[in-house]
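Trainee: Could you take a close look at one part of this model, a single helix with what it packs against and what leads into it, and then work outward to the rest of the chain? I would like one connected account rather than a list.

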Amino acid sequence: MEQHTPRQRRFGSRRGAGRSPRRIAARPRVLMGAVCAAVLAVALAAGFFSAAGARTLTAAGGLSAASPAAGGAPAAPGVEASADASAEVSAPASDKAAGTADAALDARIQAILDANSQYQIGVALMDVSSGADPAEVHEYGVREDFVAASTAKVLAAAAYYHLVETGAASVDDPLGAYTARFQLREMIQQSDNDSWSLVMDAVGHSELTDYAASLGVDYDPETNRLTPAAMARILAGVYSGTLLDAADTAELLSYMQDTNYETLIPAAVPDGITVFHKYGLLNDELHDAGILTRDGTACALVIYTKGQDLSDVPERTEVIHQLTQAVAGALF
């Protein structure tokens, strides 16, 4: 579900106490999501998250050393990058490390932006592999804030999990007709706006602004605006395990896979690259914000676009594909 800001839905309808057919049908998906999250949590506990690579967001928006309880980025299954994409944008493997943006990639991204100048496009790219420079975000195109649409749901989810970890809430608390865990999953994996409203109400708008500020991110839920770079930092904090504990990190990441809209970044990566992402579609905004991983290499890729209206979504989808292919071909 899309096309609403949290404030618009906040004063809209709520789910009734009864269980709609859609919700009943969703129950098996909830159980499967819980199983996947549990498996991922075990993997994380077994060492996917490295304490040596732990980092945390600073007030300036960068990353710095975190407590030993925080984790590093999980590794993903290996895959060979597309030969065509690699030949087009990558330097030989001996010339640069995987996950490192270089002048060739910069030029390729800029060429794609120049060829689609009829749209406002902002791209942020951040290496979140273990040992990468945690403060470096590569920005291209529009660097100002966009209406973040549903990509901001990741921030809302992290804020709720933070309440859980501080003892102020529980994933088993009732939110609407279901539990908070159910609403978090629906909000992220199904992009449900009613779930978003319930989570936002539970966190509180001013509290969410304060939570974002603690991450070095300027965010007002009333306007729901973020820069691509700020969104990249939020993703980096989630993926690296520095915002949340291992179990909550695993659960949130599991919801960011196999979502109800896999036609943007996930559709453009070579087979085998793992993608955790959240898309956004609202009026003239079409966005995707994700983490791409393979064999210990991981990057945050945020692509925000603003066009005329929904009529040019197919064209902007193709632009997102081109940008994703350029990044995947160069970094993996």
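**One helix and its setting**

Mentor: Of the protein's 332 residues, 56% count as buried, and this is a predicted model, so every statement below describes a prediction. The fold comprises twelve helices and eleven strands. If one takes the contacts between residues at least 6 apart in sequence, 69% of them join residues at least 24 apart. As for confidence, the mean pLDDT is 79, with 70% of the residues reaching 70 or more. Residues 4-96 call for caution, since the pLDDT there is below 50, although this stretch has 188 contacts in the model beyond near neighbours in sequence.

The part I would choose is helix H12, which runs over residues 313-331. From its first C-alpha to its last, the 19 residues of H12 reach 27 Å, close to the 27 Å expected at 1.5 Å a residue. H12 is also mostly covered, with 14 of its 19 residues buried.

One partner of H12 is helix H4, residues 103-115, whose axis lies 10 Å from that of H12 at a packing angle of about 175 degrees. Angles over 145 degrees count as roughly antiparallel, and H4 and H12 are therefore roughly antiparallel to each other. On the H4 side, the contact is made by Leu105, Arg108, Ile109, Ile112 and Leu113, while H12 contributes Val319, Gln322, Leu323, Ala326, Val327, Ala330 and Leu331.

Stepping back along the chain from H12, one comes to Asp309, which sits in the loop between strand S11 (297-306) and H12. Asp309 has a relative accessible area of 30% and, because that value lies between the 20% and 50% limits, is classed as partly exposed. The side chain of Asp309 is joined to that of Ser311 by a polar contact of 2.4 Å. Once neighbours within four places in sequence are set aside, Asp309 is in contact with Asn283, Asp284 and Arg316; of these, Arg316 falls within the residue range of H12. A further relation across the sequence is that to Leu282, 27 residues away along the chain, where the two C-alpha atoms are separated by 9.0 Å.

The strand before this loop, S11, spans residues 297-306, a range that takes in Ala298, and this leads to Ser129. A polar atom of the Ser129 side chain lies 2.8 Å from the backbone nitrogen of Ala298, and the Ser129 side chain also makes a polar contact, again listed at 2.8 Å, with the side chain of Asp127. Ser129 itself belongs to the loop between strand S3 (120-127) and strand S4 (138-141), and with a relative accessible area of 8% Ser129 is buried.

Another helix offers a reference point for H12. Helix H9, residues 228-240, has 13 residues and reaches 18 Å from first to last C-alpha, close to the 18 Å expected at 1.5 Å a residue. Because 13 of the 13 residues of H9 are buried, H9 is largely enclosed by the rest of the structure. After H9 comes Gly241, with a positive phi near 80 degrees.

That backbone angle brings up two further loop positions. Most residues other than glycine have a negative phi. Ser191, which is not a glycine, nevertheless has a positive phi of about 55 degrees, and Asp258, also not a glycine, has a positive phi of about 50 degrees. Their settings can be told apart by location and by cover: Ser191 is in the loop between helix H6 (180-189) and helix H7 (193-203) and is buried, at 0% relative accessible area, whereas Asp258 is in the loop between helix H10 (246-255) and helix H11 (265-268) and is exposed, at 64%.

Finally, Tyr255 links these two regions. Tyr255 is located in helix H10 and counts as buried at 2% relative accessibility. Not counting residues up to four places away in sequence, Tyr255 touches Tyr161, Arg181, Leu184, Arg185, Ile188 and Gln189. With Gln189 the sequence separation is 66 residues, yet the C-alpha atoms are 5.1 Å apart in space.

Note on methods: Residues numbered from 1 in each chain as written. Heavy atoms only, no water. Helix = DSSP H or I, 4+ residues; strand = E, 2+ residues; numbered from the N terminus. Expected span 1.5 Å × (residues − 1). Buried < 20%, exposed > 50% of the residue type's maximum accessible area, 1.4 Å probe, protein only. pLDDT = per-residue confidence, 0-100. Contact = heavy atoms within 4.5 Å. Polar contact = N/O pair within 3.5 Å; in protein donor to acceptor, adjacent residues only side chain to side chain. Axes fitted to C-alpha atoms, helices over the stretch in contact; angles between N-to-C directions. Parallel < 35°, antiparallel > 145°, perpendicular 65-115°, else oblique.
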